[in-house]
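Visitor: I have a model open and would like to go through it with you. Could we begin at the DNA?
Guide: Certainly; please bring it up.

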2 protein chains.
Amino acid sequence: MSRTDPRTGSGAGAGAGADARDDSREASRGASASEQGPSARPHTGRRRNEAAQQAILDAALRLLADSDGTPVTVDAIARTAGVGKQTVYRWWPSKGAVLLDALTDRADQDVSGPDTGALRSDLRAFVATTFAAAQRGTTASALRTVVREAARDPHLAELMQTFTATRRTALRDLLARGRERGELAADADLDLIVDQVYGVFWYRFLLGHAPLDGTVAEHLADTLVNANRAPQEVGRAGTDHRPR
Amino acid sequence: MSRTDPRTGSGAGAGAGADARDDSREASRGASASEQGPSARPHTGRRRNEAAQQAILDAALRLLADSDGTPVTVDAIARTAGVGKQTVYRWWPSKGAVLLDALTDRADQDVSGPDTGALRSDLRAFVATTFAAAQRGTTASALRTVVREAARDPHLAELMQTFTATRRTALRDLLARGRERGELAADADLDLIVDQVYGVFWYRFLLGHAPLDGTVAEHLADTLVNANRAPQEVGRAGTDHRPR
DNA sequence: TGCTTGTCGAGACTGCTAGTCTTGTCAAGC
DNA sequence: GCTTGACAAGACTAGCAGTCTCGACAAGCA
């Protein structure tokens, strides 16, 4: 998450999209109050309003979902949330951070892939799930807007790096399990396979020139398995699922 | 190109990146002067300064090359070109159009792939050339800036659609030739192969998390050929170039 | 109870940029 | 010489991110 840590002014961590709702922020605040050096004072003054934070996230998500491309302004977020603009910037360092938080807050936290014990079905399911997520209208338009914002907001671009890296790792782990079972060649380039999946995904998602449906997902997964399977697997009965 | 057609105010055509230097704009202007209805008047007044147009493109390209991400402003382009801002908008409908023109003006006009008669080497060369183009510093930073601008300029986004479509078609033709020669399965999904190439390219180019060098190009090309080759090709001596 | 501290909503303000409009000048045809 | 339209220069408008200010308010502390 990228919410601003009270009293320190720094982000709470780099795990955007991975530790979304654990609110470790609260824990770290408590710790800092009791364990910091002698210069630390106990907290005084009015407390931050958690409801305001949630209202901002809700407003951002609603605007993201409704926007479909049109940029979402901080003014609009604040107005929709019934909150001052400064309050937004008290919790998050930039608009992009709010948007990404709003997106990942509601997204599936568990980005780890399925583990059925068979690479082909695992990969098919993973790719299909990824593609399907982008078909949901609200997610799609939110994702599109965040990417658009990331193009000119270096801070958000950095958060997106983490966002994508988390997902790449999940897919890579899935592939590594398959390789360990001998379903992929020992020298298969897992990173390239991962990037073929996400490359096709983003390329089609952002350009919109070709479908991203279940058929394509299945076809892509099968092609990748066929191209990288271990030599002893080649020609084995039932392993050559060349798609129609 | 997207330069504004004098006297009509509309773009000269949709073939961005394909018909860059043919200046069909001049031809169409001559035609309109002689063939339009009775309401048309012959041109009077000062002529447009072609040198200014070229100076704008040169300035835009120079700024794009130097920018590496930082947005290029219209003011800067006009100032660098020693030209009024209005002159920029007299030739092009938006900033993005100028940038894309500047990029494609100098780019290789011939986007058609090699044709050596063998799919594997054709594809290797095509992918390697594509990847290499993005390694050249000036092209890379220009491309990055244009993509960044396209993210928020709908007009430029449309031009980018044409830009990418032209390149997809070139690669697809290359693959289709290979399929006709029987090097790819008759039911291979050429569009998916194309998108795997450009997907990996853009994904790695924009995120920058993994290399885009000759080794990757070769590996990717070989993987794609292996995954989609015709059944009779499978196992044929010398056809299984599984990369290291 | 009153003081201090820090958050709150509201909104003014700064700085940046795309795109338009204005002005006075200049070149080309009639 | 007159008309027309391109030209450089730059003022202007509109939109938005992010900062700053203000008076109100809530919480801890003495």
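Visitor: By class, how many residues of the surface near DNA strand C are nonpolar, polar and charged?
Guide: This is a predicted model. In it, the surface near DNA strand C has seven nonpolar, 12 polar and nine charged residues.

Visitor: Which residues are the closest to that strand?
Guide: DNA strand C is surrounded by 28 residues, and the closest are A:G45, A:R46, A:G84, A:T87 and B:T73.

Visitor: And which helices supply at least two residues each?
Guide: From chain A there is α4 (85–91), and from chain B there are α3 and α4 (85–91). The largest share, four residues, comes from α4(A).

Visitor: Let us stay with α3 of chain B. Which of its residues are buried?
Guide: Helix α3 of chain B spans residues 74–81, and its buried residues are B:I77, B:A78 and B:A81. Viewed down the axis of α3(B), these buried residues fall within an arc of 95 degrees, so they line one face of the helix.

Visitor: Why would residues a few places apart share a direction?
Guide: An α-helix has 3.6 residues a turn, so residues three or four places apart point the same way.

Visitor: What comes just after that helix?
Guide: Just after α3(B), B:G82 takes a positive phi of about 65 degrees.

Visitor: Changing topic: how many helices and strands are there in chain A?
Guide: Chain A has 10 helices and zero strands. Of its 244 residues, 37% count as buried. Among contacts in chain A between residues at least 6 apart in sequence, 66% join residues at least 24 apart.

Visitor: Which members of the largest nonpolar core touch the most other members?
Guide: Those are A:A60 and B:A60, in a core of 62 residues. Leaving aside neighbours within four places in sequence, A:A60 is in contact with A:V72, A:I77, A:V98, A:L99 and A:A102. Apart from this core lies another, of 56 residues, including A:L171, A:W202, B:L184 and B:I193.

Visitor: Finally, what rotation superposes chain A on chain B?
Guide: A rotation of 180 degrees, with 0.0 Å of shift along its axis, superposes them with an RMSD of 0.1 Å. The two copies are therefore related as by a two-fold rotation axis.

Visitor: What about the surface through which the copies meet?
Guide: The copies meet through the same surface, because 100% of the interface residues of chain A are also interface residues in chain B.

Definitions and conventions
Residues numbered from 1 in each chain as written. Chains lettered and ligands numbered in written order. Predicted model: local features only at pLDDT ≥ 70, side-chain atom pairs only at ≥ 80, totals over all residues. Core = buried A, V, L, I, M, F, W, Y, C linked by C-beta atoms within 7 Å. Buried ≥ 20, exposed ≤ 12 C-beta atoms within 10 Å, placed from the backbone. Contact = placed C-beta atoms within 7 Å. Least-squares fit on C-alpha atoms with pLDDT ≥ 70 in both. Arc of directions from axis to C-beta. Near = placed C-beta within 6 Å. Nonpolar A, V, L, I, M, F, W, Y, C, P; charged D, E, K, R; others polar.
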